[in-house]
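Student: I've got a new structure to look at and I'm not sure where to start. Could we go through it together?

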Amino acid sequence: MSQVQASEPESAAPQRLTLGQNARTGIAIALVATLSGFAGLGYEIVWTRMLAVSLGHELVAVLGVISALFGGLALGSLLLGRAIAGSRRPAVWYAGLELMIGAWALVLIGATPLFGDLVPALVPVDASALRQWSVAFALPFVLLLPATLAMGATLPALEAVLAPRLASGAAVGHVYAANTFGAVAGTLATAFLIIPALGLSATLVLCAVLNAVCAAAMLAVARESALVPAARPIRAPETGSASLPVLTPLFLTGLLGIGYEVLTVRVLSQILENTIYTFAVLLACYLAGTALGAALYARWRSLRGPGADGSVALLVTLTALACLAGAGLLGASGQILSALKAALPVTVAGRLSAELAMAAVAFLPPTIAMGALFTALAQRASDRLGGVGPGLAANTLGAALAPMLFGPVLLPLMGAKYAFALLAAAYVLALPLRSRAALAGGGLTLAATLALVLAPVSLRFVQVPEGGALEWHRDGVMAAVSVVRNAAGDRHLQVNNHFRMGGSASMRSDHRQAHIPLLLHPNPRSALFLGLGTGATLSAAGDHPGLRIEGVELVPEVVESFPYFERTPPRLAGNPDIRIHVADARRFVRAGTAPYDVIVADLYHPSVDGSGALYAREHFAAIRDRLAPDGLFCQWLPLHQLNMETLKVIVRTFLDVFPDTTAWLAQFSVETPLVALIGRRTPATYPSDWVERRVRDRALATGLKAVDLDGSFALFGLHLAGPADLARFAGNAPLNTDDRPVVTASAPGTAYAASERPADRLVALLAALHPAPQTLLAGADPATQTRLAAYWKARDGYIGMGARALAAKGPRDVIGTLAPQLIELVRISPDFDAAYAPVIAMARQLAVTDPSGARRLLEALDRANPSRPDARRLLAQLPPA
């Protein structure tokens with residue numbers, strides 16, 4: 001195959017550098033590559049978060065953004081790589097590329113929200129899959145193209161600058177390793193430091209500054225060395241068939257390398273906390289291994305000299321075997337993580353260290369092999385094709401296709417274990433099966449693959465309590481979803497092996513989460529529920545007559561699990577008044593047009609990556625715009641998963657959109673306390689007999705009685721605070737916005753290492769709030785206001801008593817200790833049935849063994865509340881003293 005040597009005038013011949021000058025220049029270029037990698041990963045993290053806000057968190061949108069990023073990179077390598085490789089001034093090319101990236105990044109700060117405004121028109125509610133896929137890829141691809149095109153050409157430019165300075169011919173390994181080590185630092189610094197401190201827009205500005213620094217440094221390197229390198233020898237344009245043997249292995253290794261990442265992250269998501277920091281740690285380990293492998297190969301190539309063949313067959317075999325070993329270790333990842341947690345302190349740093357170590361176990365051996373293999377193949381492509389651009393384009397194209405192949409296709413189709421086996425076997429396709437060593441490596445890989453298939457290794461992690469059973473499981477496209485039954489027969493819905501979505505034991509609380517906001521509206525005709533869990537809250541809304549109901553759930557398999565909870569209730573199938581959508585909540589709210597009387601948002605787990613955007617000011621404002629003039633929005637908050645500082649951030653953000661906000665309890669649980677923020681467009685107060693006036697339907701009255709909401713005091717007794725009180729509580733807490741995702745950064749602290757128990761958090765919240773009856777009840781007489789204030793005092797005492805009982809260790813004297821406290825709460829508020837009913841239950845049990853003790857208990861209860869006949873009726877049934 002002939003070569004075409006670019007010529008230049010003799011006067012333009014480059015000045016030769018000394019060995020020391022070459023070394024210093026090489027170090028400078030490596031530092032530039034490191035800074036460029038730092039900025040590149042910073043951009044990737046910020047852009048994916050900015051676009052997810054507009055496109056949604058459905059798998060379609062996530063994969064569309066990732067593929068658009070990779071697609072732009074591949075196109076840049078392909079279109080510009082050869083031109084840069086043949087240029088006499090690759091340093092100037094590189095500087096221009098960095099300036100283009102930085103300039104476009106600054107443009108995107110203003111352009112991204114404008115493009116986001118197009119999404120509701122381009123992807124309406126319940127759009128077809130083809131339309132959603134098209135927009136999810138095309139919009140990010142076009143929006144990011146100027147930057148990604150330039151990014152894709154930076155590595156070929158760096159290689160072209162460095163190649164003439166290296167006698168070993170290992171420029172690809174050096175620049176790729178340096179660039180990827182910079183990416184590791186960029187991943188960790190962006191997620192842990194820069195975004196929490198500066199926000200997304202400022203992070204983009206910082207990365208743009210780094211681009212400018214890289215451009216200036218590269219030009220300075222070129223000027224200082226006084227070197228304008230001769231154009232490297234490049235080959236004449238080859239036909240596709242001639243370059244295919246060189247590019248196909250790079251395509252396959254890109255596809256399989258990212259495929260391994262997709263599968264591993266999905267498996268580990270079943271045992272890790274899945275915060276923004278979890279995914280930063282996983283990505284950093286993946287990149288670190290790749291960079292280390294590239295550096296090791298570059299060092300080996302330097303020692304062996306430019307004639308080394310790279311031992312591609314050996315590297316392919318090692319990579320495939322390392323992937324199989326990684327899959328085997330993932331089978332024991334639950335035990336490994338438990339051991340790591342036991343050995344490390346129960347702090348945020350300790351828990352993150354455990355996740356980092358688990359990520360290293362899963363990623364480092366395979367990715368070290370992958371990094372070396374890529375570098376060998378890319379260097380071979382560069383040597384044969386006159387530059388690394390075409391090879392990098394092929395590899396990146398494979399990487400772009402991997403998330404779509406392994407995520408929504410292979411994982412649900414065959415499960416993680418068999419997908420890993422297929423992946424390892426596919427590496428054989430990357431082998432040039434012409435040598436004895438290649439054939440031996442292929443045979444060894446296939447044998448090890450068969451061993452994994454036959455081994456008793458499970459990559460499905462589902463916590464099944466003793467005496468319970470796994471009733472249903474799906475490895476879905478976005479998450480692993482399970483229905484688990486405990487020994488008592490209660491079913492729970494688990495997502496990614498976490499008890500997060502409720503179950504039959506929580507139906508009472510789930511129903512109240514629908515009834516409370518619906519009762520506070522005078523006459524709701526339409527309601528929207530964002531996040532569905534087991535479907536119980538949505539089902540309870542069906543008790544309200546004449547109500548048109550819509551529900552939105554992100555994970556399709558969660559909706560598939562509804563029939564397993566039909567007995568408790570939910571009556572969803574066949575109900576013409578209930579319509580369910582599988583969609584992202586934010587995208588659904590922005591895409592719709594019909595107003596709603598009531599919108600209810602579920603308990604989003606704030607530490608889970610992506611959930612923080614559902615507490616952002618922009619989302620609350622979009623919901624406000626979907627409310628009817630007298631409508632209300634209810635945001636439920638899991639106080640057991642929120643520290644007080646994050647709670648203050650959410651309250652302050654909510655108040656900024658809904659100045660007329662009130663806070664409510666769902667129930668009196670101290671283990672899983674739930675708080676609602678209910679905002680209105682217009683202020684509202686209530687008459688003291690509101691529920692009695694409001695509820696006329698017999699079926700609704702029955703449903704309310706089943707969850708102890710059949711009276712005004714039962715409803716108003718859940719009130720926690722009004723707008724002024726909440727404003728004092730929130731103080732000067734920062735707003736949570738799309739640009740400053742405070743919740744995303746702060747909430748994981750509670751998931752990793754809570755500083756206090758949920759019960760203590762609830763007690764502290766009650767102590768900080770001071771509700772006033774006159775701000776809630778319209779024109780109520782002083783006696784009614786006094787009764788409500790007494791109810792709240794008894795309620796707070798009851799919760800405090802529960803918190804103390806939960807903290808007590810060892811056996812408790814229920815009759816001798818708790819009963820007198822409950823009777824005192826009844827004396828404070830005769831309306832507080834939550835204290836009266838347990839004493840009656842205690843007396844019934846005591847009557848069997850100690851009738852005299854039961855009599856004393858009932859007499860004390862009757863004195864505390866003589867208006868109720870229950871105690872006297874039970875007294876009459878006891879034998880004479």
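**Salt bridges and overall build**

Tutor: Let's start with one residue in this predicted model: Arg 872 has 38% relative accessibility, so this residue counts as partly exposed.

Student: Which residue does Arg 872 form a salt bridge with?

Tutor: Look for where the closest N and O atoms are 2.8 Å apart. Arg 872 sits in helix H33 (residues 870–877), and the other member of the pair is in helix H32 (residues 851–864), ten residues apart. The partner is Asp 862.

Student: Is Asp 862 buried or exposed?

Tutor: Buried means under 20% relative accessible area. Asp 862 has 15%, so the label is buried.

Student: What joins Glu 471, Arg 485 and Arg 491?

Tutor: Side chains of opposite charge can pair when their charged atoms come close. Here, salt bridges share partners. Glu 471, Arg 485 and Arg 491 are therefore joined into one network.

Student: How many residues apart in sequence are the parts tied together by Arg 474 and Glu 560?

Tutor: These two form a salt bridge, with the closest N and O atoms 3.7 Å apart. Arg 474 belongs to strand E3 (residues 469–475), while Glu 560 belongs to helix H17 (residues 556–560), so the pair ties together parts that are apart in sequence by 86 residues.

Student: How do Arg 474 and Glu 560 count, buried or exposed or partly exposed?

Tutor: Partly exposed lies between under 20% and over 50%. Arg 474 is at 37% and Glu 560 has 40%. So Arg 474 is partly exposed, and Glu 560 is also partly exposed.

Student: In the salt bridge between Glu 550 and Arg 548, which residue is buried?

Tutor: The two side chains meet at 3.2 Å, N to O. Arg 548 has 37% relative accessibility and counts as partly exposed. With a relative accessible area of 10%, the buried one is Glu 550.

Student: How many salt bridges does the structure hold?

Tutor: We've gone through some of them. The total for the structure is 22.

Student: What radius of gyration does the protein chain have?

Tutor: For 881 residues, a compact globule would come out near 29 Å. The chain's value agrees with that, and it is 32 Å.

Student: What percentage of the residues are buried?

Tutor: The chain has 33 helices and 14 strands. Out of its 881 residues, the buried share is 56%.

Key
Residues numbered from 1 in each chain as written. Predicted model: local features only at pLDDT ≥ 70, side-chain atom pairs only at ≥ 80, totals over all residues. Heavy atoms only, no water. Helix = DSSP H or I, 4+ residues; strand = E, 2+ residues; numbered from the N terminus. Rg over C-alpha atoms; globule rule 2.2 N^0.38 Å. Buried < 20%, exposed > 50% of the residue type's maximum accessible area, 1.4 Å probe, protein only. Salt bridge = Lys/Arg side-chain N within 4 Å of Asp/Glu carboxyl O.
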